[in-house]
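Work through these short exercises with the structure open. Try each task before reading its solution.

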Amino acid sequence: FRYLPSLPSLTHLDIRSNPFSNQSSRAFSYRPFIAFLLPNLHTLDNSPVSPSDHSVALTLFSDATGAQSDDLLQLLEPRHEPSLRLLLADRCPPCSDRAFF
């Protein structure tokens, strides 16, 4: 995930076959976090990402100024994956089939 913030123009992404998304599906929903990292994303895993989905993602992950915090960006480094998983499990519980959250 560490390179996603460098792709702000990305509009479509499918990570269903990514090991992180497969392993995490029972522990948390990664969709809000991806929507936060990619503000112009329209579809994720072949499902629409709406403006309201982006608004909720901002609420979950932005700092007091509405920006990505340095602490959050550090969690994108591979060595911090366990901490990232804990954060996502806390803020983004698992979702049902189509539910964004």
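**Exercise 1.** Is phenylalanine 28 buried or exposed? Decide, then place the residue in the chain.

Solution. The model is a predicted one. Start with the relative accessible area: phenylalanine 28 has 2%. The cut-off for buried is under 20%. Phenylalanine 28 is therefore buried. Next, the location. Phenylalanine 28 sits in the loop that runs between helix H1 (19-24) and helix H2 (31-37). Last, a contact across the sequence. Alanine 89 is 61 residues away along the chain, yet the C-alpha atoms of phenylalanine 28 and alanine 89 are 4.9 Å apart.

**Exercise 2.** Which residues of helix H5 (residues 81-91) are buried? Work out where they lie around the axis.

Solution. List the buried residues: Leu84, Arg85, Leu87 and Leu88. Then take their arc around the axis, which is only 165 degrees, so they lie on the same side of H5. Now turn to the face pointing away from that buried side. There you find the exposed residues Pro82, Leu86 and Asp90.

**Exercise 3.** How many salt bridges does the structure hold? Take them one at a time.

Solution. The count is three. As background, side chains of opposite charge can pair when their charged atoms come close.

Step one: arginine 2 pairs with glutamate 77, with 3.3 Å between the closest N and O atoms. This pair joins distant parts of the chain, 75 residues apart. Arginine 2 lies in the segment before strand S1 (12-13), and glutamate 77 in the loop between helix H4 (70-74) and H5. Arginine 2 is partly exposed at 36% relative accessible area. Glutamate 77 is also partly exposed, at 27%.

Step two: aspartate 14 forms a salt bridge with arginine 16, and their closest N and O atoms are 2.4 Å apart. Aspartate 14 has a relative accessible area of 43%, so it is partly exposed. Arginine 16 has a relative accessibility of 43% and counts as partly exposed.

Step three: glutamate 81 and arginine 85 meet through their side chains at 2.9 Å, N to O.

**Exercise 4.** What separates glutamate 81 and arginine 85 along helix H5? Add how accessible each partner is.

Solution. Glutamate 81 and arginine 85 are four residues apart in helix H5, so about one helical turn separates them. Glutamate 81 is partly exposed, with a relative accessible area of 31%. Arginine 85 belongs to the buried residues of H5. The salt bridge thus pairs glutamate 81, partly exposed, with arginine 85, buried.

Note on methods
Residues are numbered from 1 along each chain as its sequence is written. This is a predicted model: local features need pLDDT of at least 70, side-chain atom pairs count only at pLDDT 80 or more; totals for chains, interfaces and linings use all residues. Side-chain values use heavy atoms; hydrogens and water are left out. Helices (H or I, at least four residues) and strands (E, at least two) are DSSP runs, numbered from the N terminus. Buried means under 20% relative accessible area, exposed over 50%, partly exposed in between (1.4 Å probe, protein chains only). The arc is that of the directions from the helix axis to the C-beta atoms. A salt bridge is a side-chain nitrogen of Lys or Arg within 4 Å of a carboxyl oxygen of Asp or Glu.
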